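Colleague: I am new to this structure. Could you take me through some of its strands?

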Amino acid sequence: MFDRRLLLAAAAATAFLLVASGASADPVNTFAGVSAPSHVKPVTSASYTVGLTNDASSPEAADRAKIAIPPGFAVDAVQATTSAAGVCQSSTWIADGDLIADGKINLTRPGLSPSDELCPGATLTVVFSATSPGAEGIFTWTSELLRGVISFALAGAQPTVQVDGTAPEVAITAAPGNPSNDGSPSFAFDADEPALFQCSVDGAPFLACFSPQTYIALGAGAHQFSVKATDLAGNEGPATSYGWTIDTTAPTT
């Protein structure tokens, strides 16, 4: 015969273990990192920003940070500031020993006051100048947030930048027939990578456009539509064109 008392005792013991194990799990210091710009051309100097945010659920404030410089990048003119949160005030962080050493940007709080630390929920914003390498690829600003020598855990991905020197190519995917009797033609187009488009018809200046692009009340005769793209790194590709004739005259029998 099944003993109901044993079942109840086992259930109570299991519940106690679950509560005890949950209560014994200590919260972990974590942080997240972001960066801008996301895309740059090769061998180009630009201003970069890396933001390191101490998670609001972290039990402790951070007092040091490091950002690894990707291979081929040259970095200078570093400035680092924190936002205010909790008992921490906004402050300007300084070099932790040598500002740039061992391939890293090394930062620490400016004084001994806890108010200059990076409290949970606050962000350390690091702005610097950097020249990108000649090689294309995705490069990582491997970042660390620390309290003393103890590293915080990274939540999410490390911030990255893509070095891109290749111009986008545009394809016209839909266009009126040739000839056509449609005086308000529409064109669809796409690029081989994320990009912004500019369009022109009959030699007019290129203007920002989106697919599909429609023109109103074009007259009879020969026309030419052109579209070009600029990718996120600023590379502008050559224009792709389509020529056609609008014929609105009925045939004579």
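Colleague: In what order do the strands of the open sheet of 4 strands lie?

Modeller: This is a predicted model. The pairing in this open sheet is antiparallel, and the twist averages 35° from one strand to the next. The order of the strands is E17-E16-E19-E20.

Colleague: Which are the edge strands there?

Modeller: An edge strand of this sheet pairs on one side only. That applies to residues 207-209 and to residues 240-246. The edge strands are therefore E17 and E20.

Colleague: What is the bridge partner of Cys199 in E17?

Modeller: Strand E16 covers residues 195-201 and pairs with E17 in the antiparallel sense, over 3 bridges. Within E17, the partner of Cys199 is Leu207.

Colleague: Is strand E4 largely enclosed or largely open?

Modeller: Arg64, Lys66 and Ala68 lie on one side of E4 and are buried. Ala65 and Ile67, on the other side, are buried too. Because 5 of the 5 residues of E4 are buried, the strand is largely enclosed by the rest of the structure.

Colleague: Which residue of E10 stands opposite Arg64?

Modeller: E4 is joined by 5 bridges to strand E7, residues 104-108, where Arg64 stands opposite Thr108. E4 is also joined by 4 bridges to strand E10, residues 143-147, and runs antiparallel to it. In E10, the residue opposite Arg64 is Leu146.

Colleague: Which strand runs parallel to E1, joined by 2 bridges?

Modeller: Strand E1 spans residues 30-36. With E3 it has 6 bridges, and those two strands run antiparallel. The parallel partner has Ala153 opposite Thr30, and that strand is E12.

Methods: Residues are numbered from 1 along each chain as its sequence is written. This is a predicted model: local features need pLDDT of at least 70, side-chain atom pairs count only at pLDDT 80 or more; totals for chains, interfaces and linings use all residues. Side-chain values use heavy atoms; hydrogens and water are left out. Two strands pair if DSSP finds at least two bridges between them. Axes are lines fitted to C-alpha atoms, for helices over the stretch in contact, and angles run from 0 to 180 degrees between N-to-C directions. Buried means under 20% relative accessible area, exposed over 50%, partly exposed in between (1.4 Å probe, protein chains only).
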